[in-house]
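The paragraphs below lead through a protein model, taking its empty spaces and its helix contacts in turn. Please keep the sequence and the structure in view while reading.

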Amino acid sequence: MKIQFKDLDYQDDAIQSAVKLFEGQQIRQSNFTISSNQDQGKLYTETGIGNNIHIQSNKMLQNLNQVQIDNEIPVSETLSSSYPQFNIEMETGTGKTYVYIKSILEMNQRYGFTKFVIVVPSVAIKEGVIKTFQMTRNHFKSTMNGIIYREFMYDSSRLGDVYQFAQNDMIEIMVINIQAFSKGKKNNDNMNIIYRNDRDTLFGNRPIDLIAATNPIVVIDEPQSVDNTENAKRAIDALNPSAIFRYSATHRNKNFPLIYKLGPVDAYEKELVKQIEVAGIENDVDGNEVYLKLIEVKATKRSHYARAEMYVKSKNEISKKEVKLKQGDELYIKSKRITAYEKVGSVTEINAEPENEYIEFTGTPSIIRLSHAIENDRQIKRAQIKKTIEEHLDKELKLNKKGVKVLSLFFIDNVANYRQYDEKNNALLGPYAKIFEEEYIKLINREKYIQLRDKDVPVEEVHDGYFSIDSKKRYKDTGGETLADESTYKIIMEDKEDLLTFYDEEKGQTKTANKLRFIFSHSALKEGWDNPNVFQICTLVETQDSITKRQKIGRGLRIAVNQAGERVHGFDVNTLTVMANESYKDFASGLQKEYEEEGIEFGVFDVNAFSTIITHIDDKTGLKESLGNEQSKQLHTFFKKNNYIDPKNKGTEKLAEDLKNDAFEVPEEFENIKEQIIELVQKKFDHNKMEIRNRDDRVKIKVNKEALAGPFLELWEKIKYKTNYSISFDSHQFIERAATELEEELEVRIARLNYSKAKLETSESGVGYVKEEFATLEVSENEYKDAPDILSYLQNETNLTRKTIIQILKKSSTLRDFRRNPEMYMMEVAKLLNSLKRQAMIDGIKYEKTNDGDVYDQMLFDEEEEIERYREKLVEITDNRSIYNYIEVDSEVEREFAVECERDSNVKFYIKLPNWFKIKTPLGAYNPDWALLIEEYGTEKLYFVIETKGNIDKNKLRPVESAKIKCGKKHFNALDTGVTFKKSTSLREVF
């Protein structure tokens with residue numbers, strides 16, 4: 001199968017953006033020039049034939065500005081010095097290699113230029129470029145009048161290619177990786193061969209001089225990785241470029257004019273790339289195994305410290321949290337007493353040496369390095385592989401009938417995890433390959449996938465690895481830049497189209513790639529290779545993940561092709577599932593962070609944001625005029641002053657409100673383009689997503705000092721006293737009750753994995769997600785050999801005696817569950833015991849008014865500061881029946897209660913009790929909601945303290961909440977001042 005190529009509108013826009021820059025090109029006369037119509041664009045020199053480019057800077061700048069206006073890009077005021085350089089931004093997977101190859105051929109057909117150099121950052125990309133030349137040759141020949149050209153890879157052992165490059169008068173395109181000519185040194189023995197002149201094959205000329213004499217047009221692929229050093233920049237200068245076109249999805253150097261932009265937002269919205277969905281599998285934390293990840297090491301003058309992620313227990317739950325570690329810290333204590341960390345011991349050393357950061361411990365593990373994680377995650381890896389196969393097979397059921405072959409890519413960082421060898425050099429399955437085959441066989445034999453079974457293709461032939469090979473023909477680990485890697489990439493590129501073809505034994509197909517559907521690859525394969533039919537990418541990296549999220553998704557973003565080699569459009573087909581080693585939320589936020597680090601701004605109005613608005617088109621010449629940078633700055637200043645953008649240049653509530661209410665303003669001189677301004681603003685700023693609040697609705701809550709008298713003092717006199725409490729505890733009764741409760745209520749589950757999946761949505765405002773699926777995956781039951789000290793643990797957690805704990809456990813007969821999941825068993829037992837202990841304490845609690853007359857000081861009302869709040873959460877007080885001008889409510893129940901108090905004339909005074917009015921309880925401070933003075937029928941005065949809840953059923957309240965309310969009732973009973981404590985959802989229930 002051969003991939004078919006078509007001229008796509010967005011690609012043609014990118015091509016024309018580069019080609020149009022040379023409009024007005026004239027023939028330059030020189031001592032070595034032969035001028036004719038046929039030879040326009042060629043410069044004949046003593047060393048060969050070069051590009052004859054002669055265009056005035058002001059004309060090229062005019063061309064540049066027209067291109068930028070057409071593409072809605074802020075216009076540039078100058079060209080770069082020495083030679084013009086231009087940035088072209090194209091999202092990964094949208095065909096930038098095709099674009100710059102066709103741009104080269106278009107420049108030849110329109111202007112006669114013949115000499116081009118493509119500079120790439122790595123052997124992987126170099127192989128990818130050459131493969132694209134091979135795949136597109138027939139396409140360009142048929143669509144561009146039989147055009148003939150020669151491309152070649154620079155090879156220092158084949159300098160004859162360089163000589164032909166200089167001498168031939170046809171289109172010559174040299175592809176070279178930057179390492180081949182960026183390390184020239186004064187010592188000839190250490191110099192790149194391209195700078196040496198000791199080779200007879202070039203008649204005494206240095207290869208670099210022959211290239212430079214051609215005045216080549218240079219294309220830089222991924223410039224952020226090419227000319228990012230001074231050596232590399234000098235090497236590019238040595239090529240003597242006529243002009244440079246820089247193609248990337250992620251430009252770091254933005255000092256050069258941008259002529260075309262197809263960013264991730266446009267690519268996603270126009271469905272030019274696949275929709276991305278992210279799936280993640282995480283441990284449902286049980287705390288029986290150590291998890292530890294070193295995030296950062298900091299060095300200060302006094303000491304070193306580290307930030308690490310680990311399991312931490314909180315309120316009978318265990319979760320991953322960041323902790324600060326310093327020398328001497330004991331991890332068992334930092335984890336809040338998770339027993340698994342006892343074997344790690346304490347921190348003995350923190351090393352902050354750059355590139356060698358680590359923490360050393362007294363136990364096991366003895367050391368952990370930066371960004372590395374210690375985790376027993378083989379179950380996670382198995383689940384990742386299983387779900388990837390399952391996603392793959394589900395897509396085959398859907399896409400095979402459309403003629404689309406589905407591929408999955410697994411990234412690993414250690415070849416031994418996929419392939420191992422015995423003493424006789426026989427290949428053996430590594431652990432990941434074993435897991436793959438086990439899970440694939442289980443899944444393919446399900447009834448659901450019966451139509452996908454192929455008896456002629458055994459399981460060992462549906463997966464394979466793409467790795468470098470050593471002298472013994474064995475897979476090996478490499479870094480991505482070696483000669484061994486180069487041979488590997490050649491194999492990958494050769495298989496690129498065969499991988500897209502279904503295996504069909506009836507047609508006599510023998511190519512192994514046709515059978516292959518699952519590819520395991522080294523993490524070094526992070527650029528240069530992608531395949532349009534990769535629909536799943538799974539990360540099985542154990543150590544520091546060197547592959548960025550952008551690189552991961554980049555391997556599978558291309559639109560799928562069918563068996564005719566034609567693109568199949570639409571997100572219903574083109575969905576890329578990334579099986580990440582993190583949650584989809586973390587992946588989405590991390591991906592946006594990478595975009596932002598690369599300079600992609602979401603929802604930002606910079607000073608030139610409005611410069612692209614077209615203000616005039618000349619009827620005769622067709623030349624366009626845009627608002628320009630100066631007037632854009634004026635408009636930007638107005639936006640700032642009018643509070644439309646914040647200090648970070650992002651849209652504000654006021655901007656959203658004015659857009660929504662058709663109250664958007666612009667200065668008078670911009671009224672004629674107001675609609676264009678609004679259209680641009682709405683592209684960058686989704687005002688419908690912003691919660692709009694009217695700042696005029698903000699009011700100040702303050703104490704009404706006139707109300708601090710009369711009825712208030714009467715009510716305050718009833719509730720102001722403080723109490724102390726004592727507890728009586730029946731141990732025997734507690735043991736019996738606890739044993740029964742454990743027997744009936746204790747549930748200890750085995751370890752589980754949590755699976756989640758969500759689609760990512762990329763817009764001008766950022767990377768978001770839409771939750772799609774959540775599931776729990778069972779894993780094999782664990783029998784833990786090293787049982788923790790259960791008695792010490794429960795003593796620490798419950799403060800019960802060992803004797804009491806032993807009696808409860810013996811009577812309950814629940815120890816059978818301990819071995820299944822020790823940490824979970826201990827946590828659940830502690831949780832139940834503490835709950836029962838609370839109940840026993842509350843049942844036996846007794847409150848007494850303090851002997852010293854300690855009271856809540858009413859002067860604290862005078863000391864309360866004014867606070868500003870929105871009216872929507874406030875109830876206004878219209879008379880002096882409460883001490884504040886507004887009451888801030890936390891729920892609709894509270895709002896209704898306050899409104900009822902306002903309307904009912906029997907309520908003579910009421911207070912929403914301040915948060916400093918706290919009653920002591922064994923479970924922490926309790927703050928009641930309301931205090932009321934009611935005069936029933938104009939005679940009898942009643943005093944209440946009210947607890948308002950949405951649901952006052954004690955079985956629906958949280959145990960601690962319910963227990964605190966009980967304590968509150970006993971506190972007010974002990975005051976004996978005539979106050980009635982009640983739980984209520986409305987004023988009608990009070991009296």
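A cavity here is a set of grid points where a 1.4 Å probe fits but cannot get out, whereas a pocket is an open set with protein on both sides within 12 Å along at least five of seven lines. The model under discussion is a predicted one, and by this rule it holds 3 cavities of 30 Å³ or more.

The largest cavity encloses about 90 Å³ of space. Its lining draws on residues from several parts of the numbering, namely Glu 91, Pro 264, Tyr 268, Val 273, Lys 274, Ile 276, Ile 553, Leu 557, Tyr 595, Leu 760 and Thr 762. Helix α9 and strand β31 (752-763) each give at least two residues to the lining of the largest cavity. When the lining of this cavity is sorted by class, 8 residues are nonpolar, 1 is polar and 2 are charged.

From this enclosed space we can turn to an open one. The second largest pocket holds about 1,700 Å³ of space and has 48 lining residues, among which Glu 72, Ile 73, Pro 74, Leu 258 and Lys 261 lie nearest its centre. Two or more lining residues come from each of the elements α1, α2 (57-70), β3 (85-90), β9 (258-262), α9 (264-269) and α19 (674-684); of these, α19 supplies the largest share of the lining, with 5 residues. The lining of the second largest pocket comprises 20 nonpolar, 14 polar and 14 charged residues.

Helix α1, already met in the lining of that pocket, also packs against another helix. The axes of α1 (residues 9-19) and α3 (residues 96-111) come within 9 Å and cross at roughly 45 degrees, which means that α1 is oblique to α3. The crossing of α1 with α3 is right-handed. On the α1 side, the contact is made by Gln 11, Ala 14, Ile 15, Gln 16, Ala 18 and Val 19, which meet Tyr 98, Val 99, Lys 102, Ser 103, Glu 106, Met 107, Arg 110 and Tyr 111 of α3. By class, the residues of the contact between α1 and α3 are 8 nonpolar, 3 polar and 3 charged.

Helix α3 has a further partner in α4 (residues 123-143), and the axes of α3 and α4 come within 10 Å and cross at roughly 55 degrees, so α3 is oblique to α4. The crossing of α3 and α4 is right-handed. Here Thr 97, Tyr 98, Tyr 100, Ile 101, Lys 102 and Leu 105 of α3 meet Val 129, Thr 132, Phe 133, Thr 136, His 139 and Phe 140 of α4, and the contact divides into 7 nonpolar, 4 polar and 1 charged residues. Tyr 98 and Lys 102 appear in the contact of α3 with α1 and again in the contact of α3 with α4.

A further pair of helices is formed by α21 (residues 731-745) and α24 (residues 822-843), whose axes come within 10 Å and cross at roughly 140 degrees; α21 is therefore oblique to α24. The crossing of α21 and α24 is right-handed. Phe 734, Arg 737, Ala 738, Glu 741, Leu 742 and Glu 745 of α21 meet a set of α24 residues that includes Val 829, Leu 832, Leu 833, Leu 836 and Lys 837. The contact of α21 with α24 has 8 nonpolar, 1 polar and 5 charged residues.

Notes:
Residues are numbered from 1 along each chain as its sequence is written. This is a predicted model: local features need pLDDT of at least 70, side-chain atom pairs count only at pLDDT 80 or more; totals for chains, interfaces and linings use all residues. Side-chain values use heavy atoms; hydrogens and water are left out. Axes are lines fitted to C-alpha atoms, for helices over the stretch in contact, and angles run from 0 to 180 degrees between N-to-C directions. Helices (H or I, at least four residues) and strands (E, at least two) are DSSP runs, numbered from the N terminus. Angles under 35 degrees count as roughly parallel, over 145 as roughly antiparallel, 65 to 115 as roughly perpendicular and the rest as oblique. A crossing is left-handed if the near helix is turned anticlockwise from the far one by less than a right angle, and right-handed if clockwise. Contact means heavy atoms within 4.5 Å. Ala, Val, Leu, Ile, Met, Phe, Trp, Tyr, Cys and Pro count as nonpolar, Asp, Glu, Lys and Arg as charged, and the others, Gly among them, as polar. On a 1 Å grid over the protein atoms alone, a cavity is a set of points where a 1.4 Å probe fits but cannot get out, and a pocket is an open set with protein on both sides within 12 Å along at least five of seven lines; lining residues have an atom within 4 Å of a point. Grid points are joined across faces, edges and corners, and a volume is the space filled by probe spheres set on the points.
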